[in-house]
Structure formats: structure tokens, C-alpha cells
Amino acid sequence: MRKRWLRTAVILASAATMLSAAPGVPAGKRATANTPHTTVAIRRITESQYRHAIADIFGPDIRLNARFEPGKREGGLLAIGNSNLSLTSGGFEQYFAMARSIADQALDAKHRDALVGCRPADPKAADAACTTQFVQKYGALLFRRPLARSDVAARVAIAGKGAVQKGDFYEGLKLALDSLLMAPEFLFRIEQAEPDPDHPGQLRLDGYSKASRLSYLILDSEPDEELLRAAASGELHTQAGLERQLARMTESPRVEAGVKAFFSDLLQLDQLDGLTKDASTYPKFSQAMVDSAREETLRTLVDDLVTRDGDYRDIFTNRTTYINRPLAAVYNVPFLGGSDSWTRYTFPGDSDRAGVLTEVTFLSMFAHPGRSSPTRRGVKVNEIFLCRPTPDPPPNVDFSKVQATENGTVRTRLLDHMTNPGCAGCHRLSDPVGLTLERFDGIGQSRTAENGVPIDVSADLGGRKFNGASGLGQLLHDDPRAPACLAQQVYAYGIGREPMQADEGFLAAVAKGFADDGYRIKALYRRIGSSPEFFRVVIPEKSKPTAPGQKVAGAGSHRSAGVSR
Amino acid sequence: MNPRFDRRSLMRGLIGGAAVCVGIPALDIFLDNHGKAYANGVKLPTRFGTYFWGLGLTNTAEGNLWVPTKTGPDFDIMPQLAPLAPVKSKISVFSGFRVIGDGRPNLVHWSGHASILAGAAPQNANNFEGPSFDTVVADAIGTGTRFKALDISPSGKTTSYSTRTGNSFATPETTPLALYMRLFGEGFQDPNSPNWKPDPDIILRQSVLSAITEQRKALMADVGRADQIKLDQYFTSLRETENSLAIQLQKPEKREACMIPPKPYAGKPGISIDLVNANNRQMARLMAMALACNQTKVFNVVHTSGPSETYIAGDDKTYHQRTHDEPTDAKLGYQPMSSKLAGMVMVGLGDFLTELDAVKEGDGTLLDHSVVMAFSDTGYAKIHSLENIPMIIAGGASGRHKAGQHVASKGEAVTRVSLTAQQLAGAPVGEFGSGAMKTSNPISEVMA
């Protein structure tokens, strides 16, 4: 932690040098001075992006104690849903309190010297020069681009006012920082396009918007100093410059945070927040168990996909995971470590426990408070790992034939869905999949019987017969749709919208490339991040007509009418 | 329990260490001759709230547990409405109203309340066709308070159906403690405190926001329509925060019914019905004081969400699951366990209204000066019916509501009830809804 903080400080010091050289630009000309710009997207940052930004810019010891606005999942991802969200007044109030708390901590006596980089002539009075330097430096890091001159001036003015009223330079500076943290330019990612000099009449994302896309895709955070420099210099518009940055970022240790953020979104781990279970049915369920489960899943994924640079498909079959004491109790395996320690653990070859589907996260999130749910689990396997969402159920379902469920296993009950024509279409896709996970209860504990009847975990999916969770894991491992789905979701996550028809050829090529790369995720990041499609400009629908003669750059020329929202 | 207690101990809200919330009549000396307003000239405001519960109530061809058999003022309380019996004279029950979909799909556990709140059946789940009407009411009457509206979700789920855009929904408080801290933590100013003085730091907090507002024009230039809506909402939220700060700079009007309640204990997380109802009751008490202390005039409650996950503790099936799985009892004509749960869910509404009614204010109670519109997502949940969705308007609306009636409709649009609630609350709204659910015809029987 300490090391990371020091590194950030070093980055900031050099960022100051770089950014203070960048002259302020007049408001309304934010892209680059004297070139017209078009705002092409405004995307609210997620909770984890906010947290990473604050930790990266102000240090990991800044505590954030507030409730974030909830995200919304669309196309399977919060990254897409959040692109369509704004800030409600209740949320604004929360961020407002949080901004003050961050400013108080970042500029307290302990941190201020390392952070501010200049000293006021009189610590009891306003100092416009030092304030300007501070606002330019941190404003650029927070806004992901240099500030307009008027943006700087507004903050310098309130800092001055505050310093006078409070008789303290730093109290004034806190107000300026507060105001930066509340600005829409920080709370939203504002993507802008500019005329493309290589393709007259077309637009391209400006360098800073490209830098943000890359940084949020790979690191789930703001562009760092080096990336902002590459944006300012135009390097990101060259293939070699772009690839150099991609190589640097994917080899950075910070990629772990990016991979964790992506999989937290993909696997819907936000559903662990506030997850509750019936206490009498599941006495082992606790907040510590939930927190441990999240950590297990993310640690294992980072270990497999980043540290070992392994094959993505192995996450479905890998028997090695990380456990701590609360998880050992749920998995019913011995644990010799201390209460805070983690250990690598490999389930025996004859165990049904293999891969991400058999972890407590998946098994407990997609279940009921007091029982498992083969339907939910099946639906989520299809949705998350195969990009096959299930349509909404029909409203007028006739369950009158349903038998009492206090006896036998859930398989009996679900058979009704399969014979009922209104339900069969979807349940035939979900239930056989979910039923293979039935040897795990609503929090993921192993079991072999339900109501005294042995649980049957055999399945027949389109003529392919398999057995249990390990059979399902192997099936997914061997299904080419699974890695293709991952590639699609990484792309969607990065661009913040669902892929559209024009993306199909590109996605097919990426899926093939992913296979050629041995299904390595870092290579996938590089492949997607270096493609023109990743930076494609989609001109949003305007209230007023767009200027004539403007075409859209990139592979297709689709306006937002073609964007599926 | 300490047998000695007086007004002061009640004001502190503590008797023998146990939390209580007992309404005390405002002393007559505070009131003017008509009893409608306080002697200092402050008129008692009308408050407005929505109260949602998931999974409807039981009404089938063979079995009816909620629709009163009689209409008009002498209606009868059926079993599932029994928790409302203590406030029967202060509620109107509406039956037989439905969602008219105009060819839109029945999005289960969504189309019902989306229509009631936004006036049209939505095309897609997760979105409404426009703003929910509580925001319109809040804009009309929610002025002069620290919060324009407060949202709570006693089941602990981050669920609210209040939206200004049809897309971003409000973030509710999910625990009594969080609600307490929001209301009575930092920024709270006791309206009855004798030593009020403005906090000069508030002016500095205002300047933080004004620096952002100055940049608005540059930001709004050349954005797409969807992005413009997002920025508009952002700046609306900013303005509401500015208003809230401005209010904190003014000396608050005295509120005799305001008693700062004791800090609630954290409570047990969980969504079994006993826990949800316990949280709901605690939050109702806090919300009553939020209203009495003039912290807000508008609130939204989601007792349990549309596909309600609540359950009877120890039972391995959720309410929602039961409405799907449970066989219909041939003799009764409905699903017995699901119907039992529906009755337990209604205890939450009974508790909520009772808590508002327990706070004396002016010549009546807080409930008399409120309009609470309660409704569900569906009629009979087993079939996800959009017909006969139970709707109730509670509270006297400061004399505007001719309460204590049952109004039975033969399939008119739910939006008529929504429009009625808006007008009772004092919002200047003459028309509500769109397409086949567009109406300018409130239910005049219940309007004085």
C-alpha cells in the first residue's frame, strides 16, 4: 500500500510538470484549442472507478464512507447501464458529503505537503499562484484532460474566498478540491470527438477520450501521467504509440485491479451487497462469509488470468482456489491457517467442485434465501458466460398442475416447466444446466440428497449428455461460445454500450484472435484496445440536426439509431 | 419500566431505556383560533407519500380477501385489509382499476406500478416512460424543506420507483439507522432550538456548487439528447442541494410536533417478513418525525419490491416463489400461503399509517395533513394480473380528502387514482397519463 502511494506521488510530481506546461484553454473549446469538438458520450463513473480514482490520485489511505448511487445492469453489464444513468438528488447529496470528506483528508496536516507541491506565501491567507498550480494539476487528473481557463479561475476564486473567511489557505484549497470532485467532468466521463486530419470530413475521438477508454478498460481508473502525456502529444493517434501504451498498461501491476473490476461486473458480484439468507436454514451464512467469497473469486481469477497469464477457459474447470477460515467451513475442508490468512487449496479430482460455477459467490447469489434455484443458476450461466439472455417470463403462467414440493427434489417440480408449452422454450435452456449444480445448496454447501431423495445431476443438452458441476464446467470449457462471449463483453465493457450489428464482423475476428492468443486476457485487452473499432465514434442523436458534411469515422457509419440501448 | 414519565421524558423519546414514539398533542396555546395553523402564522403543510408493496392482494373468481363488498362510506374491511382497520375512516379504497397497455407487453412485476407512477405501460423493463408523478408533486409542494423528497426501502434492497427521467431511480435509505443519520445527523437543525444561528460555512459550501454551475453552458453545448437529459438531471440535483443549503441558512420555523427521536439500533439485516415489518415500523416513526420536523414534505416507501423476496422466517420459499408454485386450494379458491403472506405484508402499511396518525399536529394528526397513495404492482400475483390492482389513498389531505370510502371501478385506468392523489396533494396537475390511460378526470367522490 505504502509503495503504491509513493509511486502515485512520483507520478503526480511529474504530472505537475507536464500539465503546468499545458496552457488553459477557453471554455467551450475543451477538445483542443481552436478546434471544434463534439461530445459523443457522457458516462457516469462507477463506484469502483470512483474508488480507484481517489486512491490513485490522493493515496489509498483516504477513507470513503458514503453510499454510492446504485448501478443498473444492461446487456449484462453495469458498465453499459451506468452509461445511461445520471445523478439523483439523493446521490448528489451523498457525493457532496464524500467530496468534503476526501478534501478534508487529502489536505489535512499529514498529507498536504506531499500533495500540494507548493507552499502559500502566508498559510493564513489566500494565494492565487499556489492555488492555480494545485487546481491545474489535480483538475487535469480528475477531469482526465487539462482544465479550461474558466474552470481554473472559478476554483481559484472560491479558494480565495474560503481562505479569507476561514483565515486559512488550506481551508480555501479544500473548497476548490471539493468543487473539482463534484464537477460533472469528474463524476461523468465526457468523451469528445474532433475532426480527423487523416480523414477529412470525419471525426475521431480526441486523444484524452482515447486515453480514458484505454485506462478504464484495463485499469478501471483514470489515465495516469504517462497516458495523459501520450494523449497530449498525439501518440495515441498512431498505431505504434497506441500499442506502446497498451503494452505498458497490460504489464503494469495495476492491471489486477482492472481485471477484478471487469469480473466483478461480469459475474454480477454487486449482488453480494446486501445478500441475505434465512438464518435458520443457513447458520453458516454471515457477512464474513460473503466478503470471503468475493475475495476468493477475485483472487482466483487474478491468479489464473493475470499472474499465470492462463487460458480463460480454465476458469470453468480449475480445481484450485483460495480459501480462508469461513470458506473452509462452507466447503467443509480442513483449514490450518489463522483467522486472517488465505491459502491455496485444490479440491480432489473426484470432487464435483471445479471452476467458478462451484464457488460460493455464484451458488449463493443465484439462489433463494432458503433454497437453491436451478432456474436462476441456469439463466445466469447462459447470460453471463454464453451471452444468451433469457426473455422475460410470460405473465399468465398456469401452475395449477404443480405438485406439492415438500417431497422429493426440485427436479420433479421443474419438470412441469418443461412440459408446459408456455414455459418450456426458456426453461429447457436454463433448468437442465442449473440442475447439474443441485448438489450445492443455497449458499454452496455440498449435499447429495434433498428431502432424503438422492439428487440426480445428469443432463442432456441438445444430445450432449453430462453429469454434475464438473460436467457442466467441461462443457463450457469446450464451448467456443464461452470465450467469444467473454471477448464481446470485454469490448462492450470498454465502449459502454451493447455491440451493434456493425460490430459483428469485428467481434468474430476478435474471438478468433482470442483463440490464437491462447485465450489470454491481457492479449485480449491489447487486441481490442489497439483496434479502430474500440475508438469508433458514434454520433449521438441530437435534439438539433448535426452539421451537414460530417461523417462518422471508423469501420461503419452507424448513427445511434443503430445503437441498441 | 420507569413509571414516572412526563412530557420531557417523552420528548427525549426514552422510557426506562426503551425507545418509544408517542404522539403528544400540540399544546393549544401554539395554535391559532381555527386550529389549522400555528399561532406564529405557519400554515401546516400537506405532505405527500407513495407506499408500494409487491405482489398484490388476493381476489379470484372464487375467493376475495380484500375488495370490500360494499361501496361508499360504509364499506367493510376484508381480511387482508384488517391492518388498516384502525385508520379506516382516513382511507379510501379503490378496486377494479387496471392498466390499459395499448398493446405494450405485460412486463411482469413492472408494468403495473410503472403505469400508476408514470402514466403509461413501458416498452422495456427497468425503465418508465417518463418521470414518476411523485417528483411532480415534490416540485410543487416539496419546497422550503431540507430534502425535496426522501426514499426508504425497509426490505433492505436498494429499490426505489421514484424517477425524474424514467431511467435513473432514487437511492433509498435501506435501514432505520441510515435514515436516522440522514435526517438527524450532520446538517440537521432543530426547529425548536432556542439558540439557532446560521453556520457561516454553509455559504462556502454554496460557493463550491456555484463554481460548477458557472460551467453549465459550456458543458451543455453540443451534447446529444440522451446526454442532455443526464446533465439536466445532474444540474437539477445540484440545484436541490443548493436549495437545501439555502434553507439551512434560514431560521427554521417552530414545529411543535417535532421531537428528535432516539437513535435506532442497527437492526438485523434480512428480508423475512417479520424483519421487514420491524424495519418498516421503525422507519415509519422516523419518517413521521421527518415530516413533523419539516425536513421533507414528500416521501416514497418501497416496503417490498415487485417480485417480493420476503418470506416467513424458516420457510425455504420466498413469497414470489410461492405465488408461482403454490397450488390453489380448491375449497378456498386461492393460494393459502401466498394469501397469508399478503396479509402480513399489509401489516406494514397499517403500521406506517398508524405511525403517521400517532403524531398530533394542529387540530388533527400528521396523517390528517398527508396524502399517502399506496399500491402494488399487480392484482392477483399468481397470474401477474394488471386488473384490479389494489390502490389506497390514505390521509386527510388537510381536509381535501373525503376519506372513508370504497370506490369500485369496472376496469378504468389506474391513472385516475394517480391523478386524484396528485390533486389531493395540491399539485397543479390537470391531466395525467398517456394513450388509453390519459385522463383529466379525477375521482371526484373522494374530493371535498
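Let us start where the two chains meet: chain A and chain B bury about 6,000 Å² between them, and 51% of that area lies on carbon and sulfur atoms. Keep in mind as you look around that this is a predicted model. At the meeting place, 74 residues of chain A are in contact with 65 residues of chain B.

What holds charged and polar groups across this interface? The rule finds eight salt bridges between chain A and chain B. You can pick out one of them by finding Glu93(A), which forms a salt bridge with Arg182(B), with the closest N and O atoms 2.6 Å apart. There are also 32 residue pairs in polar contact across the interface of chain A and chain B, both residues being at pLDDT 80 or more.

Now look at which parts of chain A supply the side that touches chain B. At least two residues each come from strand 1 (38-44), helix 4 (89-106), helix 7 (149-166), helix 8 (169-182), helix 9 (184-187) and strand 2 (188-195) of chain A. Helix 7 of chain A gives the largest share, nine residues. Sorted by class, this side of chain A has 28 nonpolar, 23 polar and 23 charged residues.

Two of those elements, strand 1 and strand 2 of chain A, lead us to a sheet. Here three strands of chain A form an open sheet in the order 1-2-3, with antiparallel pairing. Strand 1 and strand 3 (203-205) of chain A stand at the edges with a single partner strand each, so one side of each has no neighbour in the sheet. On average, neighbouring strands of this sheet are turned by 25 degrees against each other, direction ignored. As background, strands of a sheet pair through backbone hydrogen bonds, either parallel or antiparallel. In chain A, strand 1 and strand 2 pair in the antiparallel sense over six bridges, and Thr38(A) stands opposite Ala193(A) in strand 2 of chain A. The other chain joins in here: helix 7 (residues 225-248) of chain B packs on the sheet and touches strand 1 and strand 2 of chain A, its direction making about 55 degrees with that of strand 1 of chain A.

Salt bridges are found beyond the interface, too. Over all chains the count by this rule comes to 63. Within chain A, the side chains of Arg254(A) and Asp56(A) meet in one, at 2.7 Å from N to O. Arg254(A) lies in the loop between helix 12 (239-250) and helix 13 (255-266) of chain A, and Asp56(A) in helix 2 (residues 47-58) of chain A, so the pair ties together parts that are 198 residues apart in sequence.

Let us cross over to chain B and its own sheet. Seven strands of chain B form an open sheet in the order 5-6-3-9-10-4-11, and the pairing is mixed. Strand 5 (150-152) and strand 11 of chain B are the edge strands, each pairing on one side only. From one strand to the next, the twist averages 15 degrees. Inside this sheet, strand 9 (residues 370-376) and strand 10 of chain B pair in the antiparallel sense over four bridges, and Met373(B) stands opposite Ile393(B) in strand 10 of chain B. Helix 10 (residues 336-357) of chain B lies across several strands, including strand 3 (47-53) and strand 6 (298-302) of chain B, and runs at about 165 degrees to strand 3 of chain B.

Definitions and conventions
Residues are numbered from 1 along each chain as its sequence is written. Chains are lettered from A and ligands numbered from 1 in the order in which they are written. This is a predicted model: local features need pLDDT of at least 70, side-chain atom pairs count only at pLDDT 80 or more; totals for chains, interfaces and linings use all residues. Side-chain values use heavy atoms; hydrogens and water are left out. Contact means heavy atoms within 4.5 Å. Buried area is the accessible area (1.4 Å probe) that two parts lose on being put together, summed over both. A salt bridge is a side-chain nitrogen of Lys or Arg within 4 Å of a carboxyl oxygen of Asp or Glu. A polar contact is a pair of N or O atoms within 3.5 Å; within protein, one must be able to donate a hydrogen and the other to accept it, and residues adjacent in sequence count only if both atoms are side-chain atoms. Ala, Val, Leu, Ile, Met, Phe, Trp, Tyr, Cys and Pro count as nonpolar, Asp, Glu, Lys and Arg as charged, and the others, Gly among them, as polar. Two strands pair if DSSP finds at least two bridges between them. Axes are lines fitted to C-alpha atoms, for helices over the stretch in contact, and angles run from 0 to 180 degrees between N-to-C directions.
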